[in-house]
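Colleague: I would like to go through how a ligand site and a metal site are read from a model. Could we take one case?

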Amino acid sequence: MANSKYEYVKTFEQSTTLLPATYIVVRLDGRGFHKFSAKYNFEKPNDRRALELMNAAATAVMRDVPDIGFAYGISDEFSFVFGRECRLFDRRESKILTTVISTFTSYYVHLWSTFFPSKPLMPPLPSFDGRVVLYPSTQTLRDYMSWRQVDCHINNLYNTTFWALVQKGGLDNAQAEERLKGTLAAEKNEILFSQFGINYNNEDEIFKKGSIVFRDYKIEGAGSGNIVATPAGSGGDGAEMSRTQQEKERKRRMKAEIVTEHTDFIKDEFWQQKPWLLS
Ligand code: ATP
Ligand code: ATP
Ligand code: MG
Ligand code: MG
Ligand code: MG
Ligand code: MG
């Protein structure tokens, strides 16, 4: 493009380059979803279709942005995790953040009618805010993930008990809130069991554990449990992959099936079984 006398305005642009060799986490969250969920009559405490729509949108984002290694969703939020060696957009923060948020929002709207066929979307339309957080080590990233999963558990136990008190116990919202004030987990479990015959352990995993979405490299020779692909950079710690190797790896990632599980990843086991996720 030809230079013009106006071009100097470009020098006013600012951009943040994300620190190298750190995990990049993009966390998005629905704006005003308390109200939004009431508008579309989401089932309380958990509307399964709404969660599955979130998961479907996140899966589509991962297909469109192959640099994302895995993602974790609860309620109206999703965290997308990029590997430490990610070079997408030369690690420019605003490019990465805006691409993830707008791609997610597009798919959320696009897929809405599949999950809510009888409830057409009307303005105000759903939107999401987002932030970027960097984690310098596998430990801090795992602690981040554990933090979100513990949050899922705490909120879900509270919400399950709250809505049992309202829907089955005849309390109004304020009374239910008052009843739960200061209670510990054991007490909430006890209210659920003794008053409503609900064993919290038997609640659906998607509600208790949230949804982790990742590339399953075990696609070839399905059933054999063989890990076909190897983690990126497995040629040796710190060894730089050549451009062609990187390209090959990228293509393999793009082909891998993207799956969703509702499983505990606070324990080591989940990560030990999928070592490529933390490479
Ligand atoms: P903000 O814009 O600050 O995020 P918010 O109203 O979205 O405000 P959150 O703390 O993000 O507040 O909480 C999201 C709310 O959306 C939950 O409290 C819950 O009421 C509702 N919600 C989200 N997903 C579901 C779901 N699958 N089933 C039922 N309710 C849901
Ligand atoms: P990037 O992701 O880097 O932005 P890009 O392909 O979007 O890549 P741009 O520099 O943003 O590149 O250019 C947008 C391109 O989209 C234009 O070059 C043109 O080909 C096409 N385009 C956008 N709007 C129109 C339009 N209204 N009519 C025809 N072509 C359009
Ligand atoms: Mg928010
Ligand atoms: Mg929200
Ligand atoms: Mg939220
Ligand atoms: Mg463009």
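Modeller: What follows covers ligand 1 and then a metal ion.
This is a predicted model, in which local features need pLDDT of at least 70, side-chain atom pairs count only at pLDDT 80 or more, and totals for chains, interfaces and linings use all residues. Residues are numbered from 1 along each chain as its sequence is written, chains are lettered from A and ligands numbered from 1 in the order written, and side-chain values use heavy atoms, without hydrogens and water.

Colleague: Which residues come nearest to ligand 1?

Modeller: A residue is near a molecule if one of its heavy atoms lies within 4 Å of it. Here 17 residues are around ligand 1, and Asp29, Gly32, Phe33, His34 and Asp47 come nearest.

Colleague: Which polar atoms lie 2.9 Å from an oxygen atom or a nitrogen atom of ligand 1?

Modeller: A polar contact is a pair of N or O atoms within 3.5 Å. A polar side-chain atom of lysine 44 is 2.9 Å from a ligand 1 oxygen, and an N or O atom in the aspartate 76 side chain is 2.9 Å from an oxygen of the ligand. For aspartate 47, a polar backbone atom lies 2.9 Å from a nitrogen of ligand 1.

Colleague: What coordinates the magnesium ion (ligand 5)?

Modeller: Donors are N, O and S atoms within 2.8 Å of the metal (3.2 Å for Na, K and Ca); water is not among the atoms, so sites may look incomplete. Asp29 (OD) and Asp76 (OD) coordinate this ion at 2.1 to 2.3 Å. The magnesium ion (ligand 3) is 5.7 Å from the magnesium ion (ligand 5).

Notes: A polar contact is a pair of N or O atoms within 3.5 Å; within protein, one must be able to donate a hydrogen and the other to accept it, and residues adjacent in sequence count only if both atoms are side-chain atoms.
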